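Me: Please take a close look at one part of this model, the packing of its helices, and describe it carefully in one connected account. Please also give the cut-offs behind each term as it comes up.

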Amino acid sequence: MFLQQLINGLVLGSTYALIALGYTMVYGIIELINFAHGEIYMFGAFVGMYLVTVFKVPFVIAFLLAMVLASLLGVTVEFLAYRPLRRSSRLAALISAIGASIFLQNLALLVMGPRPYTFPSPFTPKVYKTSLVTISRVEIIILVISFLLMIGLTFLIQKTKIGKAMRATAQDKDAASLMGINIDLVITVTFAVGSALGAAAGVMVGIYFRTVTPMMGLMPGLKGFVAAVLGGIGSIPGAMLGGLLLGIAEVMGAAYISSQYRDAIAFAILIIVLLFKPAGLIGRFMQEKV
Amino acid sequence: MFSAYYLQIIILVGINIIMATSLNLITGFTGQLSIGHAAFMSIGAYAAALATLKLGLPFFGSLFFGALLAAFFGVLIGVPTLKLKGDYLAIATLGFGEIVRIVFLNLKITGGAVGLRGVPKNTTILWVIVAAILTIFVLNRILKSRVGRALVAVREDETAAESMGINTTYYKILAFGVGAFFAGLGGGLFSHYFQYIHPNSFGFLRSIEHLCMVVLGGLGNIWGSIIGAAALTAIPEFLRASADYRQLFYGAILVLMMRIRPEGIISGKKSRKIPPGKTSAWRGKNKFLKATR
């Protein structure tokens, strides 16, 4: 029972981790909570579903295309709603982000209608049973893809030139700019990569729960942010750890405490973390300079 | 005098004026971004409705009880979370709002997911007008007093305010308490007008709606919030835009206002001139509110 819940938690948590990565990367670089990230995730799920059902595209290609199109959307949102506010107050940028999120959500609601769509399962469903746990093929696929994406991201951040530029920009934007780093390009790439990961999470949740709705981004978006804060916002390993822990905590809480308060668990964790360790589990706390 | 339809719009405008001005006290004047204002409204709405239904209090008593309970929770959430700044505070208020909604969705006494029905229709247009005027009056008196100047000082530069001997934590909690009190009052009026309340009427999107009114009217300006609340309540009704487009419109307003006129229709600033290269509505050193170079 406990092991089974642990696996369920890991599957859910790995999708939270992918969403959290998008938040944490953007926050690390421009100190903005990208509220529209939940909608990017929703968009990714819709694109994946549409390509598979309407255009009969093979799942792998639909998955990759969803990531590409979602990163385009992410970059567009950055360009229209955040870039003009780069020099204004962070409050203005945050309000603009909330506005972008509401706008995208309702645009989806208008275009797609409020009814849920079914995401057809791209694989023949198969369940592996052992004496202790049961795990379905979809769950294994989600875990493997998430793991691969996280390794890929770590490689991108740590080993490539653009990754180095991203780390430099996160540390000190002005100094990075003086060293000849194109800050605008770095920000664009950050949004593109973060959005692609969010879309990947969206598609995987789509095949896991088999439904896609315009409002599906709201809760996972908020929870992805909670996961980012839990791990330490701005920290990439933190987001991965935070996502997995949040998924496990949520599933365990629903199983052992109360399933009705499932969504409240995440927010209670958020408030507790903010109060006692605002830097998160492995984040650095930045003292505000006078 | 009015048809029922216009009456309902006027009552909604009145309630939204109470909500927007009280949120403006917290976000516009004290500079603490709150995206959980609807939570205080829901506490007031449920507390007032239950006070009428279960305790049999008169209408005024219920309203006061609801407002007081909302203020209590405002202080309760204020004490721990006000250590947080800027977007951390915003996200904590969001989390608080969601927790309140989920708790109301699961409690027995609130009717859970079915909602609470059978609240007597005590709210009349007179009550709403009196309550709105009272709210505006009290907030205006607070803002014109020493307390109001302290609140603005906290917004402009917390460190400087603190070094001038202003107890910043106290004033932030005070702003949250007073703001929540009036939000609770608005909630009480709401539940006694519609006679039916559901936790999901007070979710994240309702908080955003209030924020929209404040931002549109101008952060840090009471009259702006009144105009913002009236405009955003009445215009969609008169345009006959269905609820489908309303939210889309709200989202666009937030983005466009921040881009074109971040200080709102009526600026909260004394001077209308903005120094070149500076687009913030404020001149202080608050890192969250200040424009960079």
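Reply: What follows starts with the helix pairs of one chain and then turns to single residues, the contact between the chains and the partner chain.

This is a predicted model, in which local features need pLDDT of at least 70 and side-chain atom pairs count only at pLDDT 80 or more, while totals for chains, interfaces and linings use all residues. Residues are numbered from 1 along each chain as its sequence is written, and chains are lettered from A and ligands numbered from 1 in the order in which they are written.

Helices here are DSSP runs of H or I with at least four residues, strands are runs of E with at least two, and both are numbered from the N terminus. An axis is a line fitted to C-alpha atoms, for helices over the stretch in contact, and angles run from 0 to 180 degrees between N-to-C directions. Angles under 35 degrees count as roughly parallel, over 145 as roughly antiparallel, 65 to 115 as roughly perpendicular, and the rest as oblique.

Helix α8 of chain A (residues 183-209) is a convenient place to begin, and its axis comes within 10 Å of that of helix α5 of chain A (residues 137-159), with a crossing angle of roughly 175°. That angle makes α5(A) roughly antiparallel to α8(A). On the α5(A) side the contact is made by A:V138, A:I142, A:I145, A:L149, A:L153 and A:L156, and on the α8(A) side by A:V193, A:L197, A:A200, A:M204, A:I207 and A:Y208, where contact means that the C-beta atoms of two residues, placed from the backbone, lie within 7 Å. An α-helix has 3.6 residues a turn, so residues three or four places apart point the same way. By class, the contact of α5(A) with α8(A) has twelve nonpolar residues, no polar and no charged ones; Ala, Val, Leu, Ile, Met, Phe, Trp, Tyr, Cys and Pro count as nonpolar, Asp, Glu, Lys and Arg as charged, and the others, Gly among them, as polar.

Helix α3 of chain A (residues 59-82) also packs on α8(A), at an angle of about 135° and with the axes 7 Å apart, and the two are therefore oblique to each other. The crossing of α3(A) with α8(A) is right-handed, a crossing being right-handed if the near helix is turned clockwise from the far one by less than a right angle, and left-handed if anticlockwise. Among the residues that make this contact are A:F63, A:A66, A:A70 and A:G74 of α3(A), and A:F191, A:G194, A:G198 and A:A199 of α8(A). The contact of α3(A) with α8(A) divides into 13 nonpolar, six polar and one charged residue.

Returning to α5(A), this helix packs against helix α6 of chain A (residues 161-171) at about 75°, with the axes 5 Å apart, and the two are therefore roughly perpendicular to each other. A:L156, A:I157, A:Q158 and A:K159 of α5(A) and A:G163, A:M166 and A:R167 of α6(A) make the contact, which has three nonpolar, two polar and two charged residues.

A residue is buried if 20 or more other C-beta atoms, placed from the backbone, lie within 10 Å of its own, exposed if 12 or fewer do, and partly exposed in between. On this count 15 of the 17 residues of α2(A) are buried, so that helix is largely enclosed by the rest of the structure. The loop between α2 (37-53) and α3 of chain A holds A:K56, which is exposed, with 8 other C-beta atoms within 10 Å, and which has a positive phi of about 55° although it is not a glycine. A:L244, by contrast, lies in helix α10 of chain A (residues 236-256) and counts as buried, with 23 C-beta neighbours inside 10 Å. Apart from its neighbours within four places in sequence, A:L244 is in contact with A:L10, A:G13, A:S14 and A:A17.

Between the chains, the contact takes 36 residues from chain A and 40 residues from chain B. On the side of chain A that touches chain B, α4 (90-112) and α11 (262-276) each supply at least two residues, and the largest share, 15 residues, comes from α4(A). That side of chain A divides into 26 nonpolar, six polar and four charged residues.

Chain B itself has eleven helices and two strands, and 55% of its 293 residues count as buried.
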